[in-house]
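Q: Could you zoom in on one small part of this structure for me and then show how it fits into the rest? I'm new to this, so please take it slowly.

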Amino acid sequence: MQQSKLLQFAELCLGTYYAEFKQALDDSKNKEMNTSDFLKKYPMFEYVWADLKEAESEGEEISDDELLSTLFLLFAENKKLMFQVDWSGEEENGDVAKFIKQLLELRNITGFEWDTEKFNDSLDWKKIGRGDYILILFKAVDQELQKMGNRLTFFFMGNDNYPFTVLNEADFNKVHRLAWSCYGVYGVDSMNEYDG
């Protein structure tokens, strides 16, 4: 059986946590495991699991892609391997750089230095509209990451957030422009190709 596109991306993003994620997916389909036991084992799914089950019980169809993508994002965020930013920008100034630095350190990659204040001072704020800053920031950060053989990698889900991670260049090239249903994996330079 061919691996789904999401699982191809998940395997590269999650690394050593991939087996645990696959187990979570198996457990989510296990009719013998009740909701309480499932959420005790995977508390990261708690806030969305009740909504998904309620929608199912009301006859609303939750696609496999939707369930899988939601569980993947929650799992990856819980393991500090992905981070989300709203389209309008960071909640706290410097959130993006802070996450990237932590993620790279988790992977034993050093050398990423980012001065948020210096970057912000270099911008012409009169020309930047709402929602523009975060895209300018992503582009600049990606340029820095490329110097280290890494790429900013976005997982689009059909909403107005930017969930992202960092992959090394080789892994990025394996999943860049991988698209299915309303989902897709893109880099900074190809974000405008997303059609969710």
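**A close look at one loop**

A: Lys80 sits in the loop that runs between helix H5 (64-78) and strand E1. Helices here are DSSP runs of H or I with at least four residues, strands are runs of E with at least two, and both are numbered from the N terminus. Before going on, keep in mind that this is a predicted model, where local features need pLDDT of at least 70, side-chain atom pairs count only at pLDDT 80 or more, and totals for chains, interfaces and linings use all residues. Residues are numbered from 1 along each chain as its sequence is written, and side-chain values use heavy atoms, with hydrogens and water left out.

So what catches the eye at this spot? Lys80 isn't a glycine, yet its phi is positive, at about 65°. Most residues other than glycine have a negative phi. Lys80 is also exposed, with a relative accessible area of 54%. With a 1.4 Å probe and protein chains only, "exposed" means over 50% relative accessible area, "buried" means under 20%, and "partly exposed" is in between.

There's a similar case further along. Arg177, again not a glycine, has a positive phi of about 70°. Arg177 is found in the loop between helix H9 (169-175) and strand E4 (178-180). With a relative accessible area of 44%, Arg177 is partly exposed.

Now let's look at what lies on either side of the Lys80 loop. On one side is H5, which helps cover the buried residues of helix H2, along with helix H1 (5-14), helix H3 (35-41) and helix H4 (46-57). Those buried residues of H2 are Tyr18, Phe21, Ala24, Leu25, Asp27 and Ser28. H2 (residues 18-29) has 12 residues and should span 16 Å at 1.5 Å a residue; its end C-alpha atoms are 17 Å apart, which agrees. The expected span is 1.5 Å times one less than the number of residues.

Tyr18 also turns up in another list: Glu11 touches Gln3 and Tyr18, leaving out residues up to four places away in sequence. Touching, or contact, means heavy atoms within 4.5 Å. Glu11 lies in H1 and is partly exposed, at 38% relative accessible area.

On the other side of the loop is E1 (83-86), one of the elements that the buried residues of helix H8 pack against. The others are helix H6 (95-106), helix H7 (116-121), strand E2 (150-156) and strand E3 (161-168). H8 (residues 132-146) has 15 residues and reaches 22 Å between its first and last C-alpha, close to the expected 21 Å. Its buried residues include Tyr133, Leu137, Phe138 and Val141.

Finally, let's step back to the whole chain. The protein chain has 9 helices and 5 strands, in the order α-α-α-α-α-β-α-α-α-β-β-α-β-β from the N terminus. Buried residues make up 45% of its 196 residues. Of the contacts between residues at least 6 apart in sequence, 58% join residues at least 24 apart. The C-alpha trace spans about 55 × 35 × 30 Å along its principal axes.
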